[in-house]
Amino acid sequence: MTKLAFYQTLHAACGEEYCLRAVAYAACAVLEGIKPAELVTLPIRHCARSEPCGVAEASFAALPLHSLELSRGPRNALYLFYDEAMLTDALAEHGRDPLLQAAGYPPSGTLHAMLSHLKARFRADHFPHEIGLFLGYPARDVHAFIAQGGKGFQFSSYWKVYHDVERARALVKRIDCSKRKTLSLMGRMSVQHTIRTLHATKLNDKKEQTS
């Protein structure tokens, strides 16, 4: 399936099918264990019945990921989809980062406490830039982006890269490959089967690492 065909199919879908397809593609790298979390915007018109995003939240039960609604507007809701273990490890690494401390995050806080504060930050600030640390982007790039106002980067992809270009390109390549794989899978199987197949990749990788 091409990216164009995917979006045509997505726009023709509604309810649970729309939500699962949108999340599977946007968060495929999280499903495969490449990064800890991803932001996904879901249009309320596709995902709501009697209450905002009621269909969306019910459909999330089919995902092997956790979700947190960060913000909501009249048309869209912004969610964070995350792997609990990976995000816990990422935040443990960055827990005493000056950026997080300056933004009021609890030092050595639990994952629940960190996510609760992140949600409060989204309500107070439309898009707090420390979100990059939650999404698995290199801390040096997140700091440089803020310090330089988003300018002076070496290249731009899923984030703006200022340091260690080779490592960044390797991560971008893995995410790109995951997205191509997801499109290929959704072109020949159901979205539910696609999600299970992507997640199985991470489980198999974990088995190989522990064997």
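This passage describes a three-stranded sheet, a helix pair and three buried charged residues in a predicted model.

The sheet is open and holds 3 strands in the order 1-3-2. The pairing is antiparallel. In general, strands of a sheet pair through backbone hydrogen bonds, in either a parallel or an antiparallel sense. Strand 1 (37-43) and strand 2 are the edge strands, each with a single partner strand, so one side of each lacks a neighbour in the sheet. Direction ignored, neighbouring strands of this sheet are turned by 25° against each other on average.

Strand 3 (residues 76-82) pairs with strand 1 over 7 bridges, in the antiparallel sense. Two residue pairs illustrate the register. Valine 40 has tyrosine 79 of strand 3 as its bridge partner. Glutamate 38 is bridged to phenylalanine 81 of strand 3. Strand 2 is joined to strand 3 by 6 bridges, and these two strands also run antiparallel. Here arginine 72 has alanine 77 of strand 3 as its bridge partner. Strand 2 and strand 3 form a hairpin, with 3 residues between them. Strand 3 is mostly covered, with 6 of its 7 residues buried. Helix 8 (residues 111-124) lies across strand 2 and strand 3. The helix runs at about 20° to strand 2.

Glutamate 69 belongs to strand 2 (residues 66-72). The relative accessible area of glutamate 69 is 17%, so this residue counts as buried, the cut-off being under 20%. The side chain of glutamate 69 makes a polar contact with the side chain of arginine 72, at 2.3 Å. Arginine 72 thus appears twice in this description, as the partner of glutamate 69 and as the bridge partner of alanine 77 in strand 3.

Lysine 35 is in the loop between helix 3 (28-31) and strand 1. Lysine 35 is buried, with a relative accessible area of 3%. A polar atom of the lysine 35 side chain lies 2.7 Å from the backbone oxygen of alanine 37. The side chain of lysine 35 also makes a polar contact with the side chain of glutamate 38, at 3.0 Å. Glutamate 38 is in turn bridged to phenylalanine 81 in strand 3. Leaving aside neighbours within four places in sequence, lysine 35 is in contact with Ala29, Val30, Met86, Leu135, Tyr137 and Ile175.

Val30 is also touched by lysine 202. Lysine 202 sits in helix 12 (residues 191-210). Lysine 202 is buried, with a relative accessible area of 5%. In sequence, lysine 202 and valine 30 are 172 residues apart. In space, their C-alpha atoms are 9.0 Å apart. Not counting residues up to four places away in sequence, lysine 202 touches Val30, Leu31, Glu32, Gly33 and Asp83.

A helix pair is found at the start of the chain, with helix 1 spanning residues 3-12 and helix 2 spanning residues 15-26. Two packed helices are described by the angle and the distance between their axes. The axes of helix 1 and helix 2 come within 10 Å and cross at roughly 150°. Helix 1 is therefore roughly antiparallel to helix 2. Helix 1 contributes Lys3, Phe6, Tyr7, Thr9 and Leu10 to the contact. Helix 2 contributes Tyr18, Arg21, Ala22 and Tyr25. By class, the contact of helix 1 with helix 2 has 6 nonpolar, 1 polar and 2 charged residues.

Note on methods: Residues are numbered from 1 along each chain as its sequence is written. This is a predicted model: local features need pLDDT of at least 70, side-chain atom pairs count only at pLDDT 80 or more; totals for chains, interfaces and linings use all residues. Side-chain values use heavy atoms; hydrogens and water are left out. Axes are lines fitted to C-alpha atoms, for helices over the stretch in contact, and angles run from 0 to 180 degrees between N-to-C directions. Helices (H or I, at least four residues) and strands (E, at least two) are DSSP runs, numbered from the N terminus. Angles under 35 degrees count as roughly parallel, over 145 as roughly antiparallel, 65 to 115 as roughly perpendicular and the rest as oblique. Contact means heavy atoms within 4.5 Å. Ala, Val, Leu, Ile, Met, Phe, Trp, Tyr, Cys and Pro count as nonpolar, Asp, Glu, Lys and Arg as charged, and the others, Gly among them, as polar. Buried means under 20% relative accessible area, exposed over 50%, partly exposed in between (1.4 Å probe, protein chains only). A polar contact is a pair of N or O atoms within 3.5 Å; within protein, one must be able to donate a hydrogen and the other to accept it, and residues adjacent in sequence count only if both atoms are side-chain atoms. Two strands pair if DSSP finds at least two bridges between them.
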